[in-house]
Amino acid sequence: MIMEGAEIEEALLVEEKSNDRYGSIGSSSGDGSSHVTAVAVFSTAVAVCGSFTNGCAVGYSSSAETGIIDDLGLSVAEYSVFGSIITIGGLVGAAVSGKLTDLIGRRGTMWLSDILCIMGWLAIALAKVPVYIAEIMPKNIRGRFTSANSLMICCGSSLTFFVGTVVSWRILAVIGAVPCILQVIGLFFIPESPRWLAMVSQEARLEAALQSLRGKNADISQEAGEIREYTEAFQQLSKARILDLFQRRYAHSLIVGVGLMVLQQFGGTDAIIFYASSIFESAGISATFGARAMAILQIPVTFLGILLIDKSGRRPLLMVSAAGMCLSCLVVSLSFLLQDLQLRQGLTQIFALIGVLAYLASLTMGVAGLPWVVMSEIFPINIKGSAGSLVNITNLFCSWITTYTFNFVFAWSSAGTFFLFSIICGATVLFVEKMLPETKGRRLEEIHATMTHFLQ
């Protein structure tokens with residue numbers, strides 16, 4: 001039976017007692033301790049295979065740039081179309097992913113994504129990896145495991161940066177499809193998201209999936225009941241139509257989700273990674289050396305971000321990350337300004353290398369992955385599919401704008417391009433400080449109740 005509004009508010013916003021064991025995986029005692037089940041870890045590992053492929057695709061344009069231009073005789077304008085075309089495929093996937101995840105589930109959507117991805121990397125954005133992980137993990141480690149998505153993207157791009165310096169662009173494309181095959185196989189052995197099963201009223205499968213994720217001896221009755229009640233409350237409130245996203249009670253979630261994606265891309269995220277080789281060469285640095293330095297740096301910094309996400313919280317990590325990106329872009333801008341003025345040529349290369357690597361370190365620590373973690377946490381179950389589509393479309397459309405125009409703007413003014421990125425990264429710090437509530441250590445239902453107005 002669905003609880004009345006006041007009762008729901010009390011249930012969702014009340015502080016959890018210290019002996020609440022349902023915020024953890026497999027707790028079987030009342031001391032609030034938790035352990036991670038093998039099923040939960042394996043499910044996360046299978047899900048992030050798609051993220052690894054995504055990372056390979058992100059790093060492909062930079063690693064393959066010289067080979068493709070030489071072999072196919074592409075101009076700068078033509079390669080700009082090629083470099084940005086992954087976002088077009090992503091837009092197609094994002095436009096339909098919301099409905100697909102609601103109709104066939106998180107696991108089913110990843111299956112479809114893999115099939116299309118193996119055929120040509122068209123629909124990498126179809127898979128709802130952060131959403132799936134956030135919905136199967138408990139609050140105390142949810143951020144860390146959801147960030148595995150970001151880690152595998154970094155691993156994929158690092159592999160592409162490094163391997164791309166020693167193999168042809170054709171072989172590199174084949175390597176990128178391998179994780180999809182592994183994920184197709186693994187998806188047969190992992191459970192569906194319990195929250196999606198509640199949304200489609202599959203009670204028996206919900207309990208079986210939750211029991212599998214929490215462990216054989218875990219008491220799942222309370223957690224299953226909370227998921228059912230909250231899902232029923234939102235489903236009774238409104239149906240998941242695209243227009244529902246623009247209701248007042250979802251305004252805060254929508255502004256945060258869309259705003260983070262716009263600022264992430266206009267801050268240079270994909271543009272700098274896609275065209276890192278061109279940036280290094282313009283600064284007089286070996287593209288091979290720069291690519292390998294990026295590959296080596298990315299993974300340990302991402303590990304550091306994962307260790308900090310559930311300790312420091314989303315807000316501080318995002319603000320530090322964006323501030324680091326802001327300062328790094330200023331350094332790169334200064335290096336190109338010195339180059340344009342033909343002053344201190346020795347410092348130009350040093351500043352450019354330090355700036356790009358510092359930008360990458362700051363990016364991978366927070367802004368690269370945390371917006372997706374936040375997105376997976378802030379939207380209620382009844383609009384998560386539609387909201388996820390809108391956020392994905394926004395991110396990919398902004399990515400297409402920046403990756404397509406970067407070469408032209410960079411040719412016009414190298415220093416000005418990075419100065420603009422610096423301003424936007426600075427604006428990201430202010431946006432996070434003013435708009436983003438902390439979600440660390442809170443149940444998804446608590447976060448949704450805080451950010452929506454329907455309980456008031």
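**Exercise 1. Contacts and overall make-up**

Determine what share of the contacts with a separation of 6 or more comes from residues 24 or more positions apart.

*Solution.* Step 1: a contact means heavy atoms within 4.5 Å. Step 2: among contacts in the chain with a separation of 6 or more, residues 24 or more positions apart account for 81%. Step 3: the chain holds 21 helices and 0 strands, where helices (H or I, at least four residues) and strands (E, at least two) are DSSP runs numbered from the N terminus.

The model is predicted: local features need pLDDT of at least 70, side-chain atom pairs count only at pLDDT 80 or more, and totals for chains, interfaces and linings use all residues. Residues are numbered from 1 along each chain as its sequence is written, and side-chain values use heavy atoms, with hydrogens and water left out.

**Exercise 2. Confidence**

State where in the chain confidence is lowest and where it is highest.

*Solution.* Step 1: pLDDT is the predictor's confidence in each residue, from 0 to 100. Step 2: the chain has a mean pLDDT of 75, and 70% of its residues reach 70 or more. Step 3: the lowest confidence is in helix α1 (residues 5-13), with a mean of 37, and the highest is in α20, at 95. Step 4: the pLDDT is below 50 over residues 1-34, a stretch with 66 contacts in the model beyond near neighbours in sequence. Step 5: residues 121-127 also have a pLDDT below 50, with 35 contacts in the model beyond near neighbours in sequence.

**Exercise 3. Helix α20**

Compare the expected span of helix α20 with the distance between its end C-alpha atoms, and describe its surroundings.

*Solution.* Step 1: the expected span of a helix is 1.5 Å times one less than its number of residues. Step 2: the 22 residues of α20 (residues 414-435) should therefore span 32 Å, and the end C-alpha atoms are 32 Å apart, which agrees. Step 3: at the start of α20, a side-chain oxygen of S413 comes within 2.9 Å of the backbone nitrogen of G416. Step 4: buried means under 20% relative accessible area, exposed over 50%, and partly exposed in between (1.4 Å probe, protein chains only). Step 5: the buried residues of α20, including F418, F421 and F431, pack against α12, α13, α14, α16, α17 and α19.

**Exercise 4. The largest nonpolar core**

Identify which residues touch the most other members of the largest nonpolar core.

*Solution.* Step 1: a nonpolar core is a set of buried Ala, Val, Leu, Ile, Met, Phe, Trp, Tyr and Cys residues joined through side-chain atoms within 4.5 Å. Step 2: the largest such core has 60 residues, of which I279, F336, F379 and F418 touch the most other members. Step 3: leaving aside neighbours within four places in sequence, F418 is in contact with I272, I279, C329, V332, S333, F336 and F410. Step 4: apart from this core lies another, of 13 residues, among them M110, Y132, F145 and L187.

**Exercise 5. Two buried residues**

Locate T394 and P191, and list the residues that each touches.

*Solution.* Step 1: T394 lies in helix α19 (residues 384-412) and is buried, with a relative accessible area of 14%. Step 2: not counting residues up to four places away in sequence, T394 touches V258, M261 and V262. Step 3: P191 is found in the loop between α8 (169-186) and α9 (194-199) and is buried, with a relative accessible area of 13%. Step 4: with the same exclusion of residues up to four places away, P191 touches V39, S43, R107, Y132, A209, S212 and L213.

How values were computed. Polar contact = N/O pair within 3.5 Å; in protein donor to acceptor, adjacent residues only side chain to side chain.
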